[in-house]
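Dear colleague,

Please find below the structure that I am handing over to you. I would be grateful if you could look through it before reading the notes that come after it.

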Amino acid sequence: MVMPRFVRLNPRFDRQESLDLLQVRESTRFSPSIIVIFIILLTSCIQSEIKSTHPDNTYPLQVPWLLAQKQGLEFFLIPGDFSLNKTISFQSGRVYGMDVTSGAAVAVLLMDVYDDSALNKDFDPKVNKKPLRVLDLCCAPGLKLCMMADLLPVNSLVVGIDSSKSRLSLCKNIIRKYHIDKTTSGLKPSNIIGDQNSSKETTPPHVKIRLFWGDGTTFGDAAQSPCHELIYDSTAAIEDQSTRGKRKRMNKSARAREKRRLLELSCQESISKEEVNTLCKADNGKNTDSTKKAASVDTQNVNCSIESFDRVLVDAECSSDGAVRHIQKRQSSTISKHATWNDSNMDELVNLQRNLIDSGFRLLKSEGIMVYSTCSLSSRQNEEVVNWLLNKYKTAYIIPVSFSKHYPSTGDSSQLQFITEGTIKGTVRFTPTDFDDKSNSSQLCSGVGFFLAKIGKTG
């Protein structure tokens with residue numbers, strides 16, 4: 001069985017050009033811009049790579065239940081055996097290779113339109129224009145983090161942390177491709193900080209992105225882990241790109257300069273409770289920047305060493321039993337680079353998941369929102385972990401979520417049978433369907449097995 005894959009359109013590129021280029025392999029040495037011209041002029045002559053190998057199906061197939069045709073939320077299904085990395089559309093940064101269920105977790109985190117109680121609320125989180133601080137607690141490889149950056153208001157901050165340096169290295173490459181590089185990000189030159197060709201200085205349309213290397217269960221907890229290494233900052237990366245020019249590799253002085261810059265930014269990000277008291281006393285009650293910074297810290301968390309967040313995503317380490325593609329890859333590989341979770345070490349895994357969701361809730365502001373998700377179908381890793389948090393904190397509560405109200409059909413809910421409610425009212429489960437059955441196209445848009453819960457925090 002070959003599992004289909006999903007792509008998300010980069011909202012900074014022309015939609016139709018991206019879809020057209022998705023059907024063309026990199027078979028020439030022409031630049032993407034020249035290929036675009038050929039497509040516009042000779043679109044009737046282009047032989048679709050997807051359609052030539054899958055003539056009985058209409059690919060790419062648009063996902064209909066996740067607010068289709070909204071900026072940053074357009075997902076399309078493509079055949080699993082299609083070489084996405086060889087297409088112009090992927091190489092030029094026009095599409096992300098990302099499962100639609102992961103996109104659902106980000107959408108639920110940032111948008112209240114999916115709340116079951118929401119009535120006629122706007123889908124766009126940029127509407128209120130208020131910058132947000134968002135944490136991706138298990139951020140690698142970085143696709144959900146990039147989606148957050150695409151959806152958030154200007155001047156927001158996305159912080160990602162992961163315990164694997166190798167996976168963070170991949171994460172940095174993905175961020176560079178989609179949010180830094182002038183040729184693949186889709187950002188206009190006049191909107192990129194430090195661009196020498198800019199006719200005027202403007203605020204960049206993307207948010208700030210920072211990556212930390214460390215343990216997500218202790219992130220921001222000075223008592224257990226006072227220091228997490230900041231290894232990437234998008235502002236510093238853009239500044240370095242401007243300084244370095246066309247030179248691809250960093251020399252010794254550039255690496256030292258980057259290290260100093262990251263250390264400086266890391267110090268700006270961290271704050272202890274002692275600093276909170278000091279800042280408040282120094283400002284003597286005045287509404288200054290220092291007071292605002294102090295007020296943003298949840299003082300009930302005695303050991304908090306970082307400003308708390310408006311939104312937190314905990315896409316936790318799990319057994320991945322709902323991700324069929326991952327299982328197939330694992331079975332075909334003789335060497336496993338990652339821990340294999342099974343019945344023999346399930347207690348260890350569940351304890352890790354509890355620590356992650358606990359850490360995420362600790363770092364969440366009062367009145368903030370957290371999403372807990374896994375690609376597992378196990379109740380022990382999903383509902384039982386969420387129930388554990390609800391029982392531990394009286395300030396935690398479930399925000400019920402629904403996707404069916406946005407499905408643009410005649411109201412036939414049977415077409416969304418793969419989306420069901422979990423055993424906790426208001427949580428959501430995505431059940432993987434039989435992808436060998438191509439008679440029902442809507443079923444092909446279900447993605448991997450997935451669970452998510454939207455959790456609020458009272459004041």
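The notes below concern salt bridges first and then one sheet. Please bear in mind that this is a predicted model.

**Salt bridges**

A search of the whole structure finds 12 salt bridges. Three of these pairs are described here one by one, followed by a network.

The pair of Lys 165 and Glu 229 forms a salt bridge whose closest N and O atoms are 3.6 Å apart. Lys 165 belongs to helix H7 (residues 165-180) and Glu 229 to strand S8 (residues 229-233), so this contact ties together parts of the chain that are 64 residues apart in sequence. Lys 165 is partly exposed, at 41% relative accessibility, and Glu 229 is likewise partly exposed, with a relative accessible area of 37%.

Strand S8 also takes part in a second salt bridge, through Asp 233. The partner of Asp 233 is Arg 210, and the closest N and O atoms of the two are 2.6 Å apart. Because Arg 210 lies in strand S7 (residues 208-213) and Asp 233 in strand S8, the pair ties together parts that are 23 residues apart in sequence. Both residues fall under the 20% limit for buried: Arg 210 has a relative accessible area of 8%, and Asp 233 has one of 2%.

The third pair is Asp 347 with Arg 380, where the closest N and O atoms are 2.2 Å apart. Asp 347 is located in helix H13 (residues 346-362), whereas Arg 380 sits in the loop between strand S10 (364-374) and helix H14 (383-392); the pair therefore ties together parts that are 33 residues apart in sequence. Asp 347 is exposed, with a relative accessible area of 55%, while Arg 380 is partly exposed at 33%.

Finally, Arg 8, Arg 12 and Asp 150 are joined into one network by salt bridges that share partners.

**An open sheet**

Which order do the strands of the open sheet follow? The four strands are arranged as S2-S3-S1-S4, and their pairing is antiparallel. Strand S2 (61-62) and strand S4 (95-97) form the edges, each pairing on one side only. Strand S1 (residues 5-9) runs antiparallel to S4, and three bridges join the two. Within this part of the sheet, Leu 9 of the chain stands opposite Val 95 in S4.

I hope that these notes serve as a useful starting point.

With kind regards

Notes. Residues numbered from 1 in each chain as written. Predicted model: local features only at pLDDT ≥ 70, side-chain atom pairs only at ≥ 80, totals over all residues. Heavy atoms only, no water. Salt bridge = Lys/Arg side-chain N within 4 Å of Asp/Glu carboxyl O. Buried < 20%, exposed > 50% of the residue type's maximum accessible area, 1.4 Å probe, protein only. Pairing = 2+ DSSP bridges.
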